[in-house]
Each structure stands twice: as structure tokens, then as C-alpha cells.
4 protein chains.
Amino acid sequence: MKHCVFLLAQGHLPSALSSEIVRIGAEPRALEEGGAIIAYSATVDEAALALLRGTPSVARVLEGPTPHPLAARRSLGTRAVDVSIGPELVRLGGEQPVVIAGPCAVESEAQLEACARAIAALGGRFLRGGAYKPRTSPYAFAGEGERALELLRVVADRHRLAVVTEVLDPRDAERVARFADVLQIGARTMSDFALLRAVAAVGKPVLLKRAPSATLEEWLLSAEHLLHAGARDVVLCERGVRGFDPAARNLLDLAAVPLLRQRTDLPIFVDPSHGTGVRKAVLPMAAAAVAAGADGVLVECHPDAGVARSDGPQALPLAALPRLFGLVQGISALVRPSLDAAAE
Amino acid sequence: MKHCVFLLAQGHLPSALSSEIVRIGAEPRALEEGGAIIAYSATVDEAALALLRGTPSVARVLEGPTPHPLAARRSLGTRAVDVSIGPELVRLGGEQPVVIAGPCAVESEAQLEACARAIAALGGRFLRGGAYKPRTSPYAFAGEGERALELLRVVADRHRLAVVTEVLDPRDAERVARFADVLQIGARTMSDFALLRAVAAVGKPVLLKRAPSATLEEWLLSAEHLLHAGARDVVLCERGVRGFDPAARNLLDLAAVPLLRQRTDLPIFVDPSHGTGVRKAVLPMAAAAVAAGADGVLVECHPDAGVARSDGPQALPLAALPRLFGLVQGISALVRPSLDAAAE
Amino acid sequence: MKHCVFLLAQGHLPSALSSEIVRIGAEPRALEEGGAIIAYSATVDEAALALLRGTPSVARVLEGPTPHPLAARRSLGTRAVDVSIGPELVRLGGEQPVVIAGPCAVESEAQLEACARAIAALGGRFLRGGAYKPRTSPYAFAGEGERALELLRVVADRHRLAVVTEVLDPRDAERVARFADVLQIGARTMSDFALLRAVAAVGKPVLLKRAPSATLEEWLLSAEHLLHAGARDVVLCERGVRGFDPAARNLLDLAAVPLLRQRTDLPIFVDPSHGTGVRKAVLPMAAAAVAAGADGVLVECHPDAGVARSDGPQALPLAALPRLFGLVQGISALVRPSLDAAAE
Amino acid sequence: MKHCVFLLAQGHLPSALSSEIVRIGAEPRALEEGGAIIAYSATVDEAALALLRGTPSVARVLEGPTPHPLAARRSLGTRAVDVSIGPELVRLGGEQPVVIAGPCAVESEAQLEACARAIAALGGRFLRGGAYKPRTSPYAFAGEGERALELLRVVADRHRLAVVTEVLDPRDAERVARFADVLQIGARTMSDFALLRAVAAVGKPVLLKRAPSATLEEWLLSAEHLLHAGARDVVLCERGVRGFDPAARNLLDLAAVPLLRQRTDLPIFVDPSHGTGVRKAVLPMAAAAVAAGADGVLVECHPDAGVARSDGPQALPLAALPRLFGLVQGISALVRPSLDAAAE
């Protein structure tokens, strides 16, 4: 019986093994182990497989012809990502579904405080907020930058929340990591590989949004870029692809959730705010995301959506958060047993 | 205060009213009332509005600048469609969510009987099955035709189920209507207006699938074609739009459900089988559809999916039906109160 | 050496041949030869291939694993379609590029006469015009019907032009064929197989537009449906797929032209009017279509576009026709030698 | 009469003017003039317009409600971009159409020399080649980096060609600018605003590719980001959007050319290599691009496409370059007068 395998090895493999082995990638690359790592793909018989597994320079052997071995299903028993909040650990992708909420853009301490208090009161542990905002127009509000990072940290600490915020520039990665617990890569920059490498290098969990024209495989390959460049953990976040119907800002691809589940163990989140751009659709689509098997949702809220400086039409009022948290938890409790059974 | 209205009138309006009234459509058309009906759009003041409402030849006055007044929100207290099964009435779009299930194509009485028995045992009341199948290739199996219609009727009657089946040719509409309770318009023919008129004319409820490139407005305008041509009731069914990712057969647009809810009172169904084309995604997406607010799902099942003559890879085995029915009912019970509150 | 072949045979093949032969399609179908034809696909060696070619009941053997053997490249030396205008023959897909022009909808004899005179004065031989118009809204002008057919015939005869017009309803196919020389299948009905069969049955050339969500293969399979149902000749017409940018009505896929050339010998036309929906883009895209290798263009014109009852914003004024005809001929003369050389 | 204007002013405007003036963007920004520039939009009467034009602190007044005033039509008599090759100036967007050719990735001096010699022999003045390659997989060849930049410069100088190459990382912008004459922003990074700002800052012409999901307006806003951040000149390059048909790698949107012409004076190029991904389609689509009004094409070629380390299936063999140059020049000569007349 033949096995299709994918290898990461330190340096070149012994030539005895090389007949059916194809080298992937042009240059040796450094992996977290320190040495120069080369990726190989091979079709091998039982004997060669055993030999590979026993070769000291072979760091990993992954079966199956996956183009993204690090991001693939890992069968490690858990796919959870632990995030530190001081001495505590909170989980993304664990037993409990997670709501990550907060304003599109950090505008003021009062705005952020109102959001954080509402989130914490509902048992939420994650606060999102934009400090550096990618804006289609150079004349649009682009975020408060470092001042917003400081506010996020202060307010989150006050309520024992973890901070999720976006990095736009590779030169900002370390600075953002000093304030944030989870670094977000936005949809526009999913394939900005220089940015991915810089963010991976700081070693914190990364929330990777899907680009509006990315296939699932391209998205997983961006996750692979992150993991290959040293990212500790990656969380995927669907936020809608480019659709043709002006009725919605984007076309939220919820089937991505079960389809990804067949391909990866990484936690999968859904952003129904950007995914629809329509406030009335946010709650139904958050509920649908969890019903489809998502590990949680990323939602924009605002204490006064009418005056939001960015993406007001899709922000939930804080009064809607209890219903959001309730739906997410209720549906998760209902579907988890069924979906886990179905995935077997 | 000015009102934007849409009128359906028998013949021309009195000229006293005509100054701000724009006639829509070129030719008078017969509506169910029998007379020649002309559609008008107008911006009128309070006095003119009262006058219009009192004009005997004005059949309907609908406020708001909708291009599809008959398919729009009707605020009639209910959006339910009643389907007769002998002396019984069963409902689409009522309080209870509905599962419509059955094989893609009717192949044999044994196959159909196995499906119907499984559906009835779970409390289902609707059996779907293809008698006339639109197939991309002229060399593919195109359905058993009238023999399949007869089998559908016999088997459905045995289990007191309503029959849902597709009409492909305007010349078949009456024949299909003799056997079926709900006539389906498929995605490929959503804009085949000659077919829509012929199906509308037989006066049974119509299940109208969305074409893979149709906007919500275009879809609602096809529903308007049906209602304008005399269809008694129309049920909408989302089944995925054309996507760019080969990971799925179609891109299921679940946000269509809450976005349609803002525009229409017609019942909204979702077909996760065609909507994904991947068996493992059917259950999660059926659950998600109901969580998003759908009135029910349309699902393909097969007693032996491995030998299905059409669309085998997306058919659910009958053993999965209990989980499907359970998820649909459980989630519906959970989300209805929240979604109804949110829609207010 | 093995050969991948596709067969059309009268009845079942001798069992001696059957080992590697897979039957395609469920039911024998009548082909133009009269007998019941069954399609087969097979992988055969040299000896079996010779045997098949010598079997009298095998109507055709096409090499290569094409799903659309009748629509595929036929290597018959020409791909031209001859259309009769009285005793004359005019060609689509021959040496000379062709402009098919006329109004979106036939409105009056004066309108049609102005168009026809302008076309004939430039050497054009094809007049298009809508008698039955598929309209998204039931309230929009849907064409003048049979009166328009009569006008088309009268005006075309006066200028010795061939008539191209759309059929919407299978029950209209024969009537339209009495007046028209080329029957058009519109984008909305490309997959309306009942209509395709009815139009094929009348035996006139068919101009088949691409549906807005159709792949090239699906489009060619609709051509296969036509040819399989007896259509004499099929001309393909690209008219834009559904795009995401509101800047244009559709996204004109000109690369379809060279990509189709690799797959089929059917003549290929392009409709830059529907393909863009923007008058200023029609001439550049007509020029581009011919530069890409199209056999001609299908263009909407109107003597007074400002008052057109349908699609006014994309209609060319008649004053632009000389530039259109000049560009089409000039570019065709320039690119044909290069493209023919490139295709070798 | 009222005028809709867009202003760029140094600092705040006199309050006398402010009544109808809306400030756009949150923060004053430095423009090339040095001062802090604020963008305003206003609806003003004749008198106020005159006042604005006479206000010393108002750097620019652009009429019309465009969201991208710097990238809009400028009516400056020319849209040409001059590129220095030593003491010479060569033009993009001038009277003569331009072919920019070269390998996808720089692999060796021999490969580059073969390309450059072929280009120069045909009168070409632009050599493209990838030094830093964005690759979907982290295991794919990602370019030779600085060594490739050096080779590009040496080989281009030998043949008096200008170098066009991509910048991927904001930290590389200055280094690349030391070797290259035109800096390319790739499709994946069109909305990577940190990169745009860094590339703009080096002050060389920028070739900006369209992202696969970008509308024309989003693309022009990325050009606006570049111009707003100090880029001297921007050249647009269409390279295909994400399509649904696996027959092509991308869906080349040639109608973008005439549609952009209505919105901007920036030179417009087309890349038929990435735009189709199919070698046989490159020449027809290059011809079509120029017929549609493009200022030139960007094409991948390779002396031995079979062994190319990147994008081999779409590379033209050098033997096809004479036909490419001939088609581009022949069609340009034919269409320019017609298109210029049509644009009036």
C-alpha cells in the first residue's frame, strides 16, 4: 500500500529515499526548530514511510496530499487556542462558543468602556476594536492609531477582557503586539505575505480573515504562511466574499464552516457584521453561523451606532448583545452533539 | 405629506388623477379579477390617495416604491401557504418549520416508498421528487416523466404526504398539476417567463427557486410574474448562487433569508443539498438556514445514495433524517422568539 | 496506445466491444439519422477503435473525452453557417466578419425601417429585433409579438436582410420560424431545455446566447442539446456574465472567444450592447471582440435612443454604425492572419 | 448655478466659506506641497467658487462629485507618464502603444538576456521581471530577491530598457526603487495601504494592478491613495477579476478600459497573461485590449516556457513576440482615431 505524505525535513533527505520524493519550494526555510527546513511531497510504500518516520532530520510527516500541511487537520484531540488574560487562559475553539465584540473603530474611552462593560456583563471575554483601519478612500477616517491601542488595553484590563485588533503594516506588528492579545489580519491583506510573516514573528495568536475573492484553499494557504513563519496559533474568520447583489455589502459564505471542518482543525469564526453590512441581518446570521458549526462570531457593536465614524449601518446597538449572546449559546448547545456526530 | 403608491387598476384612471401618475408596463393585462388591469406608480398627496382608494376601478393601492407590489410585504397577519392533502391542510410558512424531502429523481417505487416512509415516520408532510429533470448534458438521465408523477402520487397518498415536483415545459404544467400539490420552478428556469405564466395559470402553490445569478430583486420580480399571472401562492427557495470556489457546487446565500424578510412576506425555504453539493455540509447548512429564519428546508435524500442516478454526492442517507428533523425543530423553537423580536 | 472516444450508435453495441465502454445517458434518443441513438464513452485500443469505425451501427466516433461531441471541433474545413435570404446565401462564421444590428425591441415600422436602411447601406445583411421580450418585471414592455414579427419580415425583405429574433415560448417556435431566418435563444433561457428542443425542431439556424452564470462547458452543453435535438446549425453569442461591479450591466467575457476556439468550431459572436449596458463602451468592445477572434458582433441600435422603450442606455445611434462596420472590417482584416497562425 | 467641487487646502478654510463645505477625512495630511492638507467637498455658487479659486491656501479645486479627485480626469492635455532611461524619456500612455514584456520571475541572466534582446530588437523599451514574487503557497518559489533586481538593472541597461518590477514589502520600497524605473503593486496588495504609502514615497511611477475583487471605483481609490501619498504618476493595469469558470485562471475585464476612460486620465494597461492564464489566449486578448483602447499590454514571456519556475502555462515563447508587437501596433493605429472620436 502506498502513502501520500508531506514532509518537513532539516536539509536534504538521504538520497536512498529520494526516488519518489518531490521537493516543494525553491529555498530551504527556517522553521521554529531553528534549522533550515525543506518541504517535500512523496508517494511512498510502507517501508519507506517507516524509514522517513525514523529519520532524525525529518521534523514532520503528514499523510495525505494536502498543500497546507501545517493548517490541515492535525488530529491532536483539540483545536483550541488559549489566550492569556493575565494569569487566566481563555479559549477560542474550545467547548464553549465565543463572542468577540466591540466597535469597528476605537473612537473614545467612553465608547469603548460602554462596549466593554456590556460584553463583560454577559460573560464575554474578548474585546475587538480598530486602531489602524484600512479604508478604501484616503479621505476616510483611518483610526486613532497608538492612542487607540492604549485605550483598548486599559479598558480591556479593567474588565478582564482579551484585546483583538488589526495590524496593517509589518512595521507595526511588534507595537500592536505589546497592546493586543490576538492580532487580526484583515480581508484586504490576507495575501500580503510580508505582513503575514511580520505578524507571525511576534508569536501571538492570529485571527485571519478571508479575502473577498479567496477560495478556501487560498485562505488555508495564507494560514499556512503564518504557521510556516512561526505563528503560534491561527484562528480563521469568514467575513463574506464579493457578491453581485447590491442588497448586501458582501456575500457571507457560511458553508465555508462545514467545508473547512473537513480540511482543518483551526478554530473557525464568522463575522456577520462585515459579512452582510446590514444591521437587521447580523443577529440571524450570527445564529446561523453557530448552527453551521462555527466556534464563535466576531461582531461590531456601538453604544450609538448612528454616530459611528466607521461602518455604522452594520453595528449592533448594545441592547442587542444579550440576544446575541443568548442565541450563540443556545444554538451551540443544541447543535454541537449533532454536528460532532455528523463529522464522524 | 406625499405618498408613493403603486396601483393596479381596471383600465385607465380618470384623467383628473393622472398628473403625477406614471403608467407602468405597456399593455393592459388580465388579472385574477377578470378585467384588463393596468399598473401605475404615483406620488400623491393625502387627498389624491383618498380619491384613489375610493375609485371603484382601482383594484389595489400599495404604498411604498416597490417594483414588486404583489410579492412585497403584505401585512396580512400571516404569510402561510396552505396545501391540501385530501381533506387536510398542511402549511408552508406557518408556525412550524417544514422539511420537504425526497430523492433528486424518482427512480423506482421501492426508492420512493423508502423515502416516504422515513419522512412520514418523522412527522414530515411533504415529499419531493423529480419526474422531469433539467440536465446540463443531453446524455444525462432526465427523469422518468409521467410514470414518475404517478409513482409520486401513489406513494404520497399512501403516507398522506403532499407532492412537490418540478415543471420544465409550459405544455406540461396542467399534467403535472394533476399529480402534484406544489409545482416547483427550478433555478435554471426562474426567468423563463412563458413557463412562469403557464404554471401560474393552473392555480396551485408554486415553489420558486432562485437562479444562480439572480439578485433578490430579480427573484422577487419572478415571484411577481407568477402572482401577476394568477398564481395563488408562491414559496421562495434559496439554493445557492454561482460561486468561484470549486470546494462547493454552489454558494449558498443564507443572508438572503433575513434580507428577504425585509422585503416580502412570502415563505422562504432553503435547499442545502443543491446549495452546497456536499453531503457533509447538508445538515449544518439546514440547521443554519432555520437559525437564519427560514420557514423550512428542501433536502434530497436517498435510500442508497451510492447508486443514485442523479446528484448522489449531495443526497442524505435516510438514517440522517431524524437528526435533520430534530435540528430543524430544535433550532426553530429557539430562534423564532428572538428573530420575531428582532424583526419588529 | 489507448484512445478515449465518444460514440453515437444506433442501438446497443455488440457485447464483444462492451468491456471498456460506458453508456452515457439513460434512454436511447432519436438523432437526425432517424434511428434510436445511444451515446457511449470508451477507452479503447487501436484494434477496438478500428472495429468501432467499421461497425455499421456506429454513427460517429469522436476522439477525446469531450462531453459535447456534436458541439466540439469538427475539423470539417469550415465552421460557417449559411442563412438563406430568398435565393441568396449569407454566411455567419465565414471569411467575412458579420455585424447583426437592430433595435432591442421592434416598436414601429418607421423605427425598423430607419435601422434596416442604415444597415443595408453599409453592406450589412442581418437585422435583429425583439418581438417577444423577456423582461425582469411583469410591468415592463414585453414586445409587440406577432405584429413585430410581421414588421421584421416586411422591412427585412425590402432591404434583402436576414431576420434574427428571439423565441421565448416553445409553443411559439414554429410561428417565429415562419418569419425569422435565425432563431435566438436568450441568456435567461439558455438552460430551458424544453425551449431548446422546440426551437431545434424547426430546423433553422439558432443563435444561442450564454447565460450570465454559465461556464463555457455548460454553454456548449446547451449547444449540444440543440444539435442533439436536431438543430441544423448553432451560433454562439457571448453577452456578458454576472459581475460584481455596478459600473457595467454585465461583465463581458471576451476571453471566452479564444477559449471557445480551442473547444468548438461553432461560429462565435459577441453582444457588446448587453455585455456592457453602456453606450460609450459598445464600439470599443465590438472592436475588441473582433480583435479577440469573434466571427462578428450583435449590436443594438436605435434611430432615437433617447425614446427607446427598452434598453435605451446601451443602444447605438445610427450615426455610429459606419464607424462600427469600419472597425469590425478593419480589425478583422488585420487579426485574421495572426490569429489563424496562432491557432495552428 | 451651483458647482459641486472637491478641494485640497492647506489647513482650515476661512469660516466665511464653510457653510456648505463638508470636511472629508479625519486628519490633516501632508501633500507634496509640504503643508498639512485637508480635503473638503462643497456645493458652492459662482461667487464662492471664484473666492475658493482665489484663496491662496487652496491648493486644488476639482469640479464634480468624484471620490477620487487626484485620479480623476484631469484635462491636462496629456495623460502620458514619462519614464527616464538614462538621458532618454520613454512614455506610457502617449501616442504610441507600449508592450511591457519579460519573465514572470527572474531566474538567470541567460533567461533575462534572451528576453531583453528579443524585446529590444522589436523596439520595445520596457522589461518586466519578478524579483519578489507573492506566492499563494509558502512552499512555492518566491523570487530571487535582490540578486534578481541587480540582474534586471544590468540586463536592462545593456539594452536601454526601463525596468518594471513588483514591491511586496513596504520595507523594500527604497531598495527596489534603486534598481527599478517603474514600481509595480500587484493584484494581491492593491488594498495594502501601508505598502501603497511606502511605494508612493519613493517618487517613481507606479504600475497599480487591479485586485481580483475590486470595483473600478475601489481601484481608482487605491490610485488616489498613491497620488495622495506623493506618487508622481500612476499607471493602471487590469489583470482579470475572479471568475467562476475554471476554463480560465481569471476573468479579464476588458470593458474596464472604456469604462475607466470615462473616469480617469491615468494610462490604462492590460495583462492578458495573468488575465487568462492560458497561453493560446494571450495574443488574442492583447489584441483585444488595444482594440478596446488600452495604452498597452503587460505580457509574460520566457525563452523556454516549459521549464519556467513560475506561471509557465501562460508565458509566451519569444518567437511569439514579433506577432504580439505587430498586432499591438497595427490595431492601435486602426482604432485610435475612431476611439478618440467616440470619446468626444
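**Interfaces of chain C with chains B and D**

Across the interface of chain C and chain B, eight residue pairs are found in polar contact, both members of each pair having pLDDT 80 or more. The structure is a predicted model, and the values reported here are computed from it. On the side of chain C that touches chain B, two strands and two helices, β1 (2-10), β2 (21-30), α5 (193-201) and α6 (216-228), each supply at least two residues. By class, this side of chain C consists of 22 nonpolar, nine polar and 11 charged residues.

In total, 42 residues of chain C are in contact with 41 residues of chain B. The area buried between these two chains is about 3,200 Å², and carbon and sulfur atoms account for 58% of it. Three residues, C:Pro138, C:Tyr139 and C:Arg242, contribute 25% of the area that chain C buries against chain B, which is more than any other three residues supply. The count of salt bridges between chain C and chain B is two. In a salt bridge between C:Arg242 and B:Glu218, the closest N and O atoms are 2.4 Å apart. C:Arg242 thus appears both among the three residues that supply 25% of the area buried by chain C and as a partner of B:Glu218 in a salt bridge.

The arrangement of these two chains was examined by superposition. Chain C is superposed on chain B, with an RMSD of 0.2 Å, by a rotation of 180° accompanied by a shift of 0.1 Å along the rotation axis. This is the relation of a two-fold axis. Among the residues of chain C, C:Ser213 comes closest to the axis, its C-alpha lying at 2.9 Å. Of the interface residues of chain C, 98% are also interface residues in chain B, so the two copies meet through the same surface.

Chain C also forms an interface with chain D. Here the contact takes 43 residues from each of chain D and chain C. About 3,200 Å² is buried between chain D and chain C, with carbon and sulfur atoms giving 75% of this area. In chain D, the residues that lose the most area to chain C are D:Phe244, D:Leu259 and D:Lys280, which together make up 17% of what that side buries.

Polar interactions across the interface of chain D and chain C comprise two residue pairs in polar contact, both at pLDDT 80 or more, and two salt bridges. D:Asp245 and C:Arg210 form a salt bridge in which the closest N and O atoms are 3.8 Å apart. Helices α7 (256-261), α9 (279-291) and α10 (321-343) of chain D each provide at least two residues of the side that touches chain C. Of the elements of chain D, α10(D) gives the most to this side, with 11 residues. The class composition of the side of chain D that touches chain C is 30 nonpolar, six polar and seven charged residues.

Within chain B, the surroundings of one glutamine were also examined. B:Gln111 belongs to helix α2 (residues 109-121) and, with a relative accessibility of 5%, counts as buried. A polar atom of the B:Gln111 side chain lies 3.0 Å from the backbone oxygen of B:Ala105, and a polar atom of this side chain lies 2.8 Å from the backbone nitrogen of B:Glu107. When neighbours within four places in sequence are left aside, B:Gln111 is in contact with B:Pro103, B:Ala105, B:Val106, B:His302 and B:Pro303.

Key: Residues numbered from 1 in each chain as written. Chains lettered and ligands numbered in written order. Predicted model: local features only at pLDDT ≥ 70, side-chain atom pairs only at ≥ 80, totals over all residues. Heavy atoms only, no water. Least-squares fit on C-alpha atoms with pLDDT ≥ 70 in both. Contact = heavy atoms within 4.5 Å. Helix = DSSP H or I, 4+ residues; strand = E, 2+ residues; numbered from the N terminus. Buried < 20%, exposed > 50% of the residue type's maximum accessible area, 1.4 Å probe, protein only. Polar contact = N/O pair within 3.5 Å; in protein donor to acceptor, adjacent residues only side chain to side chain. Buried area = accessible area lost by both parts, 1.4 Å probe. Salt bridge = Lys/Arg side-chain N within 4 Å of Asp/Glu carboxyl O. Nonpolar A, V, L, I, M, F, W, Y, C, P; charged D, E, K, R; others polar.
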